[in-house]
Amino acid sequence: EVVGDFVIGDTSVIGTSLLGRPVWMVEVSGGGGGNNAPEVFFNSLTHPREGMSGMSLLYFLQFLANNYASVDSVRWLGDNRRIFCVPLVNPDGYEINFDTYKNENRFGYWRKNARDNNGDGDNNDFEDGVDLNRNFGYKWGIDDSGSSSDWYSESFRGDSAFSEPESRVIRELVAGREFRVAVNCHAYGNYMLKPWSYAPAETPDSVTFNRLGALLTARSGYRHGNATTTLDYTANG
């Protein structure tokens, strides 16, 4: 399917949420690079109350589709990359917030997924849900400052790494591709974060991250760095 001048190569359900809602993935390209082009990955709404992250990713896709024919940089990107996007990582949490909007005329602030931690059959603020952004495997649960073992915490990490179906969906997608770059879109503040987040430590390729961070924030004025230098806290898993 062609949207604007961009080719929608594959729009598919790559898995389901805890409550059975689909997790969609869309691939876009300009067709020039073919299947051998380097792959990149964007995702958003891991934290469903950060609605602007999903809007940003959808507007990015719209910009690519509308400008492939007329903007050289967009055409180059389309012809030389395969772009995979998951705009809604956490559909259950987003639905909770949307229900709040429908019923109370305000968007909700639910952050986690819909895990019923206390088993009462309802979604209770804070007590229920797992923070999917603390549920991945790398350095999962190495301390209680970068995540929490407490149900009531908004950074509750779950009972084990990849305990949640939504994080497993992302794991399987990544394991089956060869992504050169991954961008996880959030909307907490004016920051561009790089690894690592679990400790004030630099990666072996931190020079590249620092260069990209400086370029990507040159006009916005956002702070760039790892979590400890930008957010003043750590995050593991």
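**Figure 1. Backbone of L45 in the loop between strand 4 and helix 1 of the predicted model.** The loop that holds L45 connects strand 4 (39-44) with helix 1 (51-67). Although L45 is not a glycine, its phi is positive, at about 60 degrees. The relative accessible area of L45 is 6%; because this value is under 20%, the residue counts as buried.

**Figure 2. Backbone of N105 in the loop between helix 3 and helix 4.** N105 belongs to the loop that runs between helix 3 (91-104) and helix 4 (165-175). A positive phi of about 60 degrees is found at N105, which is not a glycine. N105 has a relative accessibility of 64%; because this value is over 50%, the residue is classed as exposed.

**Figure 3. The cis peptide bond between P195 and W196.** The bond leading from P195 to W196 adopts the cis form, and its omega is near -10 degrees. W196 is located in the loop between strand 7 (191-193) and helix 5 (206-216).

**Figure 4. The second largest pocket and its lining.** The second largest pocket encloses about 280 Å³ of space. Its lining consists of 14 residues, of which N97, G108, Y109, W110 and D125 are the closest to the pocket centre. By residue class, the lining of this pocket comprises 7 charged, 4 nonpolar and 3 polar residues.

Definitions and conventions:
Residues are numbered from 1 along each chain as its sequence is written. This is a predicted model: local features need pLDDT of at least 70, side-chain atom pairs count only at pLDDT 80 or more; totals for chains, interfaces and linings use all residues. Side-chain values use heavy atoms; hydrogens and water are left out. On a 1 Å grid over the protein atoms alone, a cavity is a set of points where a 1.4 Å probe fits but cannot get out, and a pocket is an open set with protein on both sides within 12 Å along at least five of seven lines; lining residues have an atom within 4 Å of a point. Grid points are joined across faces, edges and corners, and a volume is the space filled by probe spheres set on the points. Ala, Val, Leu, Ile, Met, Phe, Trp, Tyr, Cys and Pro count as nonpolar, Asp, Glu, Lys and Arg as charged, and the others, Gly among them, as polar. Helices (H or I, at least four residues) and strands (E, at least two) are DSSP runs, numbered from the N terminus. Buried means under 20% relative accessible area, exposed over 50%, partly exposed in between (1.4 Å probe, protein chains only).
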